Amino acid sequence: MSDPALIRRAVLTGTGTYLPAQIVTNEDMAKRVDTSDEWITERTGIKQRHFAAPHETASFMGAEAGRQALSAAGLAPEALGAIIVGTSTPDNAFPATAVQIQAMLGASKAFGFDLAAACSGFIYGLSVADAMIRAGQVESVLVIGTEVYSRILNFEDRGTCVLFGDGAGAVLLQARNVAKDGAGLLSTHLHADGRLGDILYVDGATGRREMPGHLVMNGREVFRHAVSLLSSAVTEALSANGLAAADIDFLVPHQANKRIIDGVGKKLGLPPERVVVTVDKHANTSAASIPLALHEAIAGGRIKPGALVLLEALGGGLTWGSALLRI
Ligand code: UT7
């Protein structure tokens, strides 16, 4: 008989990443567009980004990150239950990136699908995986964020092309029966406001042949909404769990802009050593940014088992949300 004091939760058992070999510094970008290392660093905190080579597609990078997460957890691909991929830059409209990754991994029993929530794709994916695990539908889910934004950037627009990079991150969630204060996802909260769709979007897709499909952003407007919406998302996560900001060991935010990250950290009263920042090295990798940052902090020994970690993201849609996770 199962112990009634234990709760079925989605527990993080492995992480993995993939970054393209090619590093593009701010100085490299300044050779391509009218910009400078000084402007980019001051406004965003970004120093460099990775750009994918032709073979480094969303499915290729996602599979590499996923393979690493499975191996870190010691789970054989054939035992995996599901794959959820957050991406805005899939190789094909279909098959879904997740299903392509299923084949690459040999995860023969897993079902899979892609999820379109732009930079919030990883948080949305975590939320869906959490619900499926809690409901007993599946025992293990790979949640992957994988993006090749270099292929949708408008290199005529210096206001956006310097901000993004390519990469992939993955986490493996597995069902475990744990004590109330044990490991696992404690909550997720999702939001969207389609009325703000025109401040950050890609002007095309396979359903619209006449459109090339480039990223368009009103940076100032996104910035303005980001700090206030993310701060309220963070407050919502804390109050839903009866916690105070001081209870959070680490904030692992979506990596879009160091000034936005600092703004939310400040509102929470978190010192810089408890906020994970990778935007300087990766730039904004959209749905991949949180799992990339999370992996780096866990694999580097900074975030240890038992730590309470708050994740938050905001992206095109607008979409935004949070996840509270005990490692
Ligand atoms: O992940 C999805 C969420 N996305 C975000 O969170 C992005 C949010 N927004 C931002 O991070 C910031 O708004 C930006 C970094 C995009 C821009 O910073 P800003 O302080 O809002 O600058 P701005 O767009 O108001 O532009 C200021 C000036 C302009 O010149 P003037 O008109 O004041 O003479 C721009 O033309 O900076 C100029 N500028 C540049 N200069 C050099 C814009 N881009 C560049 C550039 N290099 N790359």
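Let's start in the sheet: His191 has Trp320 as its bridge partner in β13. Keep in mind that this is a predicted model.

**Strand β13 and its partners**

The pairing of His191 with Trp320 belongs to a longer run, since 8 bridges join strand β8 (residues 184-192) to β13, and the two strands run antiparallel. β13 is also paired with β12, again antiparallel and again through 8 bridges. One of the pairs here puts Leu308 opposite Arg326 of β13. β12 and β13 make a hairpin with 3 residues between them. Look in the turn for Gly317, which has a positive phi of about 145 degrees.

How much of β13 is buried? The count is 7 of its 8 residues, so the strand is largely enclosed by the rest of the structure.

Strand β1 (residues 7-18) is mostly covered as well, with 9 of its 12 residues buried. The partner of β1 is strand β7 (residues 166-178), and the two pair in the antiparallel sense over 11 bridges. Within that pairing, Gly14 stands opposite Leu172 of β7.

Here are the three pairings side by side:

| Strands | Sense | Bridges |
|---|---|---|
| β8 and β13 | antiparallel | 8 bridges |
| β12 and β13 | antiparallel | 8 bridges |
| β1 and β7 | antiparallel | 11 bridges |

**The nonpolar cores**

The largest nonpolar core holds 44 residues, and the members touching the most others are Leu268, Leu310 and Leu314. Four elements give two or more residues to this core: α7 (219-240), α8 (258-268), β12 (308-315) and β13 (319-326). Among these, α7 gives the most, with 9 residues.

Leu310 is a handy residue to click on if you want to see the packing. Leaving out residues up to four places away in sequence, Leu310 touches Val234, Ala237, Ile248, Phe250, Leu251, Val252, Leu268, Ala323 and Leu324. There's also a second, separate core of 35 residues, which includes Ala117, Ala175, Leu185 and Leu325.

**Around the ligand**

Which residues come nearest to the ligand? Of the 23 around it, they are Thr35, Arg43, Arg220, Asn257 and Asn284. Thr35 has an N or O atom in its side chain 2.7 Å from a nitrogen atom of the ligand. A polar backbone atom of Gly219 lies 3.0 Å from a ligand nitrogen. On the oxygen side, a ligand oxygen atom is 2.9 Å from an N or O atom in the side chain of His254.

On its own, the ligand has 960 Å² of accessible area, and the protein covers 75% of that. The elements that give two or more residues to the shell are α2 (37-44), α6 (158-161), α7 and α8. The largest share of the shell comes from α7, at 4 residues. So α7 turns up twice, as top contributor to the ligand shell and, because it gives 9 residues, to the largest core too.**Helix α10 and Thr278**

Helix α10 (residues 289-299) has 8 of its 11 residues buried, so it is largely enclosed by the rest of the structure. The buried ones are Ser289, Ile290, Pro291, Leu292, Ala293, Leu294, His295 and Ala297. After α10 comes Gly301, with a positive phi near 80 degrees.

Thr278 sits in the loop between α8 and α9 (279-282). Is Thr278 buried or exposed? Its relative accessible area is 2%, so Thr278 counts as buried. Setting aside residues up to four places away in sequence, Thr278 touches Gln255, Ala283, Ala293 and Glu296. Ala293, one of those contacts, is among the buried residues of α10.

**Asn26**

Asn26 is part of helix α1 (residues 26-32). With 0% relative accessibility, Asn26 counts as buried. Beyond its neighbours within four places in sequence, Asn26 is in contact with Asp37, Ile40, Thr41, Ile46, Lys47, Gln48 and Arg49. The side chains of Asn26 and Arg49 make a polar contact at 3.0 Å. Asn26 and Lys281 are 255 residues apart in sequence, while their C-alpha atoms are 11 Å apart in space.

Notes:
Residues are numbered from 1 along each chain as its sequence is written. This is a predicted model: local features need pLDDT of at least 70, side-chain atom pairs count only at pLDDT 80 or more; totals for chains, interfaces and linings use all residues. Side-chain values use heavy atoms; hydrogens and water are left out. Buried means under 20% relative accessible area, exposed over 50%, partly exposed in between (1.4 Å probe, protein chains only). Contact means heavy atoms within 4.5 Å. A polar contact is a pair of N or O atoms within 3.5 Å; within protein, one must be able to donate a hydrogen and the other to accept it, and residues adjacent in sequence count only if both atoms are side-chain atoms. A nonpolar core is a set of buried Ala, Val, Leu, Ile, Met, Phe, Trp, Tyr and Cys residues joined through side-chain atoms within 4.5 Å. Two strands pair if DSSP finds at least two bridges between them. A residue is near a molecule or strand if one of its heavy atoms lies within 4 Å of it. Accessible areas come from the Shrake-Rupley method with a 1.4 Å probe; for residues, only the protein chains shown count as cover.
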